[in-house]
Amino acid sequence: MSTAYDYTYAQASKIIIPAHKLMLIDGRFVESASGKNFTTINPATEEVIATVAEGGEEDVNRAVAAARRAFEGPWRTMRASERGHILQRWVELIRKHADEIAEIESLDAGKPIAGVLRQDLPAAIDTLTYYAGWADKILGDVVPTRDDALTYTMREPVGVVAAIVPWNFPLMIGMWKLAPALACGCTVVMKPAELTSLSALRIGELALEAGLPPGVLNIVPGPGRVVGDALVNHPDVDKVTFTGSPGVGRGIMKGAAGNFKRISLELGGKSANVIFDDADVASASRAAASGIFFNAGQVCSAGSRVLAQESVYDEVVERITQRAKSLRMGDLLNRQTSLGPVISERQMKSILNYVDIGQQEGATLVTGGERVGERGYFISPAVFADVKHEMKISQEEIFGPVVSVIKFKDEDDAIRIANGTVFSLAAGAWSRDLGRLQRFAKRAKAGTVWLNTYGYTDVRLPWGGAGDSGLGREHGTAALENFTEPKAVWLNLAG
Ligand code: NAD
């Protein structure tokens, strides 16, 4: 095992996380109705960070009732510009406490701090800043219909929103949901993933400090099957915005049918990153390695399938392998650490099982794929060569630091393989031929296509997919449509 694993530069945490965290309901931090708690651990050390009040159905009912009161009351009737100002004050407070929030996220979600400071935190801040600016710019239209009527449209908030968030980017994906929902005038009950509740609860404290009225934002941590299920089936929730696995997404679609809730679902991926033989192979391979190993591969748009054209295949495998071996595992707060653990023991076992399956299927494990150390859920980054398109490791989402490198002949072959899964979240292509890149962009079955780059997101661009990758889009103006309903108004002018 040549991947560096190093605790010698461990830095002491500069913050103190309270040993017990409460849930946020109706503007107050409270214990759960049942008095139950659960523990949240640091996946790099398996040490308990804090206990968290564990929500149940009664807490969900109280949170939804508070959200409804706030929706009918202060939040909806407040001037839109004032809503925007409150969100601006919130983002200022998040900036002020940026180091602390980054450290909480790093320890609770097992993310190297350097990545949190480069990606998660700036993206969350950018998202809130962007939608705070939208609060007073959600317009209707005057639509000419007939001479004797004034006809116009308004966009109204959908109401009470349930935001169900995964553990891989708790802060960033949480904000992708909170910021547009609140800017549109909705109120929210948020359920963080049970493995990662801490950053949400901290920014919840700052939301109150910023002046968010009671009940506008409620945060109920707890198990998905209890808290998530209660929200999805609640008759007074108007919309569910969810990011997570396709299986849970399917259940949400069914549950939402009860009162015809609006839903948006951001689900899985098995994205192809295609390297043609006329590409800058060194850059492409470097980006392909980052595209799968960033966040230990726990990224819905991870480039988990690298497709390399025959004549450059061996070089691509070799270069990605070298990058995999150079990644540095270890203390999350050490800024040199580039690869963290995976989130949990369960996830670690599932990933290691896929490594076994890949070998049984006949793929060549070139490097990695082993547990590293005895504490924490570290896995050495794995590179599989000689992967066939039909293999399980090429079709199923592993959600870990495991890449399948697949050989292709020509453009048509590349497209056939790239499009040949149930997912359609993202795809990448590398070439010096702009015509080829544009053809790829048109033919790729994906909500986002990266050309000569990989992995960027920006809140101004739509984000999402179809099939097992989900339903609807987040970000940009698409999110404003998710959280509002159009209304047509007729004013009779004929007297
Ligand atoms: P998950 O579906 O198990 O959990 C996601 C959230 O749903 C958690 O908060 C969980 O508690 C909750 N949940 C679980 N069961 C529920 C139920 N019955 N009803 C309501 N809520 C329930 O997924 P995960 O393991 O947390 O995250 C990994 C998955 O998420 C991967 O498949 C990944 O591809 C996907 N993901 C997608 C995107 C995207 O933007 N498309 C982003 C991140 C993660």
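**Exercise 1. Which pocket is the space taken by the ligand?**

Solution. The ligand takes up the largest pocket. On a 1 Å grid over the protein atoms alone, a pocket is an open set of points with protein on both sides within 12 Å along at least five of seven lines. This is a predicted model, where local features need pLDDT of at least 70, side-chain atom pairs count only at pLDDT 80 or more, and totals for chains, interfaces and linings use all residues. Residues are numbered from 1 along each chain as its sequence is written, and side-chain values use heavy atoms, without hydrogens and water.

**Exercise 2. Describe the shell around the ligand.**

Solution. Start with the count: 27 residues surround the ligand (a heavy atom within 4 Å). Val165, Glu194, Ser245, Leu267 and Glu397 are the closest. Next, sort the shell by type: 15 nonpolar, seven polar, Gly counted here, and five charged. Then look at the elements, which are DSSP runs (helices of at least four residues, strands of at least two). Helix H7 gives the most, with three residues.

**Exercise 3. Find polar contacts of the ligand.**

Solution. Look for pairs of N or O atoms within 3.5 Å. Take Glu397: a side-chain N or O atom lies 2.6 Å from a ligand oxygen. Lys191 places a polar side-chain atom 2.9 Å from an oxygen of the ligand. Gly244 uses a backbone N or O atom, 3.1 Å from a ligand oxygen. Finish with the cover: the ligand alone has 840 Å² of accessible area (Shrake-Rupley, 1.4 Å probe), and the protein covers 88% of it.

Terms used: Polar contact = N/O pair within 3.5 Å; in protein donor to acceptor, adjacent residues only side chain to side chain. 1 Å grid on protein atoms, 1.4 Å probe; cavity = no way out; pocket = protein on both sides within 12 Å on 5 of 7 lines; lining within 4 Å. Sits in = over half its atoms within 2 Å of the grid points.
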